[in-house]
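Please walk me through this protein model, starting from a single side chain and working outward to the whole chain.

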Amino acid sequence: MKIKWLPLKLLVMLFILQGQVQAAPVVISGETVFEYTQVADWPIAREGTFRLKADKQVDDTLSIHIRGVAHAINLEDEDGHFYFDQAYAGIHTQAVDIKVGKQPVYLGQGLLGDLNVILAQVSNKSQFVKVNAFLSQDVKAVDMQVPLRELTLGAVYKDKGEKSWGINMEKKLGQVYVSGEYVKNVSNGKKGYLAEVRSGYYALSYRNIEDEALDELWVTSGVYADSKGYRIRGDFPVDAHSIFTVYRDFATSHDGETDKDCTYFGYSVYF
C-alpha cells in the first residue's frame, strides 16, 4: 500500500465500519484557526486553517483516527491546499497502546519534537513512569515522564541521524506553573534551554538556544531555533469553544547578530 493513499483508504474504511458497528459511531470534531504572524521585518503571514477529525472505535482493542487539513497561507490568495496530516490505527491492551501511521509526536516540552510523522508508537499505561517509544526507518525516540505529586520530571532521547537528548520538568506552585527544558545535540555538541512561568491566562518564557542545537522542522516553533530572548504570551478564552492567543517575542539569534522579534495573533474555534 502506498503511503499517499493511506489516509483516503482509512477514510473509506471508517464509513464502511460505521455501517457495520452501530454501537460505535464515527466521532467528528475539528477546529478553525485564523493567524497573523510577523517575524522581524519578514513579510507578514496571514493564515487560515481548517482541521477536521474523524475517530472510530471499532472494538475494545482497535481504533482509527484521521485528520484532514485545509490551509491557506495568505487569506486573500487562492493558493490554499488540502492534505491529511494524521492517519493512524490504534491497538489498545491492558498494558500498552500501539499506534501505527502518521501521528502526532511530542517529545519533552517540544524542543526536540512537536509534529506529525509516519511511524509506530508504543505507550505504556503505568501511573508511575510513563514511557512513549517511537520508531520508523528514519527516527528512533523515547520520551519518559515521571509524575511526583505537583512535580513532573522528564527525559528524552532522539536519534534522527543526529543524536539528541533532553531533560525537562514542570512544578506547580499554588496557581503558578514553572517549567523548563534543557536539550543537547550530541552529534555537534550544541545545546539550549527554555524556561517558562505560567499563571492563569499569561505566560513569560526565556530561551537560549545555540545554532544547530535543534531541528527547525521538528521543534514546536521554528523561531526557537538559534535564538535567545523573551516571550510574553496570553491565552484568552472567548467562550467554551474558542480562544484568542497573542504573544510577542523579544529575541535575536544566539550570536545577537540577527533580529528574531516575533508578533503573533491567533483565534481558534473548536467544534
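Is Asp215 buried, partly exposed or exposed? The model is a predicted one, and in it Asp215 has a relative accessible area of 25%, which makes this residue partly exposed because buried means under 20% and exposed over 50%. Its side chain meets that of Lys160 in a salt bridge, at 3.0 Å from N to O. The two residues are 55 apart and link distant parts of the chain: Lys160 belongs to strand β9, whereas Asp215 sits in the loop between β13 (202-209) and β14 (227-239). Lys160 is also partly exposed, at 33% relative accessibility.

The loop between β13 and β14 takes part in another such pair. The side chains of Lys191 and Glu210 form a salt bridge of 3.4 Å, N to O. Lys191 is in strand β12 (residues 191-199) and Glu210 in that loop, 19 residues apart. With a relative accessible area of 34%, Lys191 is partly exposed.

A further salt bridge has a buried setting. Asp249 and Arg207 meet through their side chains at 3.1 Å, N to O. Asp249 lies in strand β15 (residues 242-252) and Arg207 in strand β13, so this pair ties together parts 42 residues apart in sequence. Asp249 counts as buried at 0% relative accessibility, and Arg207 counts as buried at 1%. The count of salt bridges comes to 12. Glu170, Glu196 and Arg198 are linked in a network of them.

Next come the nonpolar residues. The largest nonpolar core has 24 residues, of which Val105, Leu107, Leu111, Leu214 and Tyr224 touch the most other members. Strands β5 (96-107), β6 (113-124) and β16 (262-270) each supply at least two residues of this core. Leu107 has contacts beyond four places in sequence that include Phe134, Val156 and Trp218.

On the surface, Val142, Tyr157, Trp165, Ile167 and Val186 make a nonpolar patch of about 420 Å². Tyr157 is in strand β9 (residues 151-160) and is partly exposed, with a relative accessible area of 36%.

For the chain as a whole, there are one helix and 16 strands. Of its 271 residues, 37% are buried. The chain exposes about 15,300 Å², with carbon and sulfur atoms supplying 60% of that area. Among contacts with a separation of 6 or more, 39% join residues 24 or more positions apart.

Confidence remains to be considered. The average pLDDT is 91, and 90% of the residues score at least 70. Residues 1-6 stay under 50, and the model has four contacts for them beyond four places in sequence. Where pLDDT is low, predicted coordinates should not be read in detail.

Technical notes: Residues numbered from 1 in each chain as written. Predicted model: local features only at pLDDT ≥ 70, side-chain atom pairs only at ≥ 80, totals over all residues. Heavy atoms only, no water. pLDDT = per-residue confidence, 0-100. Contact = heavy atoms within 4.5 Å. Patch = residues over 30% accessible without salt bridge, like charges linked within 9 Å, V, L, I, M, F, W, Y side chains within 5 Å. Areas by Shrake-Rupley, 256 points an atom, 1.4 Å probe, with all protein chains shown as cover. Salt bridge = Lys/Arg side-chain N within 4 Å of Asp/Glu carboxyl O. Helix = DSSP H or I, 4+ residues; strand = E, 2+ residues; numbered from the N terminus. Buried < 20%, exposed > 50% of the residue type's maximum accessible area, 1.4 Å probe, protein only. Core = buried A, V, L, I, M, F, W, Y, C linked by side-chain atoms within 4.5 Å.
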